[in-house]
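Trainee: Got a few minutes to look at a model with me? I'd like to talk through its core, its cysteines and a helix pair.
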Amino acid sequence: MLKIYNTLTRKKEPFQPRVAGKVGLYVCGMTVYDYCHIGHARVMVVFDTVARYFRHQGYQLTYVRNITDIDDKIIQRAIENGEDYHQLTERFIDAMHEDERALSVLPPDLEPKATQSIDAIIAMVQTLIDKGLAYVGTNGDVFYAVSKFKDYGRLSGKNLDDLQAGERVDVDLAKRNPMDFVLWKMAKANEPFWESPWGNGRPGWHIECSAMSTCCLGNHFDIHGGGMDLQFPHHENEIAQSEGATGEKFVNVWMHNGFVRVDDEKMSKSLGNFFTVREVLKKYRPEIIRFFILTSHYRSPLNYSDESLNDAKAGLDRLYTALRGVDITADSAIDEAYKVRFEQAMDDDFNTPVALAVLFDLARELNKTKEVNPQQAGILAATLKQLSGLLGIVQDDPDAFLKGLVDAESDDEQIEQQIQNRTAAKKAKDWALADKIRNDLKGQGVILEDSPDGSTSWRRE
RNA sequence: GGCUGCGUAGCAAAAUGGUUAUGCAGUGGCCUGCAAAGCCAUCUACGGCGGUUCGAUUCCGCCCGCAGCCUCCA
């Protein structure tokens, strides 16, 4: 029985789909004005893993992740670059898809863009005005009247009085209440705009997600996800907008992933302490990043450091080493006991650290079994590979992974040659020469491993 | 200030009212010409103070420390 932690109730709850066998999942995606950083990678990997697991459990999943391709930052960046905003966003959408593919993140089923959802957005804003939940401010912008929505603050555990006690510095005089947020924003000169009943302008950020999720999944759907920082105000506002407009319950389960941190601080654009995915990919292979993300539970903070990435590499090496040299047939049997343990971990709010622990236990048993019972080893190896696949890892050929390099300038042949020389030296019992060759290769980051049968395999550090 | 959440061994990271987490690193052994890998064994824990309990790292209270949100943010 799958249990999911619901931010709305602050409890793990048994997952009950609205419609038996089907799941609708919406995740707030990227605002595309720059390259994805490791924090974005975490969202992609976490919800990709969630999606994979739902499918594995036999659910018919519709996974929607939007693209915010119009907002203040995009406009600002386009002006800075002296390029058309649309050109800018298309460029970074391509880059994002590249990063995703690198991280073995499967594409969502639907990837709506804000700029292609303008009609739905305008319709929803109009409904909110008609229902008296929104109004046109003195500057022409349309605002949501937060005080008209009784449950405002329920998701984030805030109430309007507390929020107002915190009071912000710049009170926008166009609003009736400082907490009101913008639904439709009037365009300034030279800014992109769409026509609307309230004049030429563009949608506010929050309404985009309400409109896109409703469009793709209906007024009421199963799961909405995103980063912790979106809890307030973004998701709070989405609830107010969607429930206000439709009069129906919006979302059953809210899932929020924790942050990636650097030196115990949130990794973010504003702090400037972020590492982009492509930057990290220069040093570490993509699967290492994915593994690193999965070593921590999705709601916990994840501390980014070279040490953590190196640990992830070592862990992956261990799993691949266990698989090395074992034949896996496509229709091989699966060890049910390990599968059950793995699924129990994943059923417990997608507990990937425990799921990985099961894989390591499996690897240990596989290592023990290899020499004595090849048939059983085949079953264990097939199990290890299949369960790893649910996490999107360990699908490479073991030898290819272990010999792999970030910048694959291929001196493999030279290595093989050296190994042959060493094998000859060993035969001649010239240990000094054999050890020298091994040391030289070590200096190049190549580790040799002799097998009992006299053959030598190698891997890169 | 208000509201969330966290504090586990050298590092990372889970679970759990009494029983091995797991990975990396360390120590001892097996294996090896020597290594590496692997296997076996083993050492490091539950922020502090009270309370509940036969028994608490696990539940409750207080304190200390840390992070996040309250403004754009994954």
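Mentor: Sure, we'll take those topics one by one. This is a predicted model, where local features need pLDDT of at least 70, side-chain atom pairs count only at pLDDT 80 or more, and totals for chains, interfaces and linings use all residues. Residues are numbered from 1 along each chain as its sequence is written, and side-chain values use heavy atoms, leaving out hydrogens and water.

Trainee: Which residues touch the most other members in the largest nonpolar core?
Mentor: Ile4, Phe54 and Phe350 do, in a core of 128 residues. A nonpolar core here is a set of buried (under 20% relative accessible area, 1.4 Å probe, protein chains only) Ala, Val, Leu, Ile, Met, Phe, Trp, Tyr and Cys residues joined through side-chain atoms within 4.5 Å.

Trainee: What does Phe54 touch?
Mentor: Its contacts (heavy atoms within 4.5 Å) include Leu2, Ile4, Tyr59, Ile223 and Phe350, not counting residues up to four places away in sequence.

Trainee: Switching to cysteines, how many disulfides are there?
Mentor: Zero, with a disulfide taken as a pair of cysteine sulfur atoms within 2.5 Å. For Cys209, the nearest cysteine sulfur is that of Cys28, 3.7 Å away.

Trainee: Is Cys209 buried or exposed?
Mentor: Cys209 is buried, at 1% relative accessible area.

Trainee: And why is Cys216 not bonded to Cys215?
Mentor: Because their sulfurs are 6.2 Å apart, too far for a bond.

Trainee: Last one: at what angle do helix 4 and helix 7 pack?
Mentor: About 70°, so they are roughly perpendicular (65 to 115 degrees).

Key. Chains are lettered from A and ligands numbered from 1 in the order in which they are written. Axes are lines fitted to C-alpha atoms, for helices over the stretch in contact, and angles run from 0 to 180 degrees between N-to-C directions. Helices (H or I, at least four residues) and strands (E, at least two) are DSSP runs, numbered from the N terminus. Angles under 35 degrees count as roughly parallel, over 145 as roughly antiparallel, 65 to 115 as roughly perpendicular and the rest as oblique. Buried means under 20% relative accessible area, exposed over 50%, partly exposed in between (1.4 Å probe, protein chains only).
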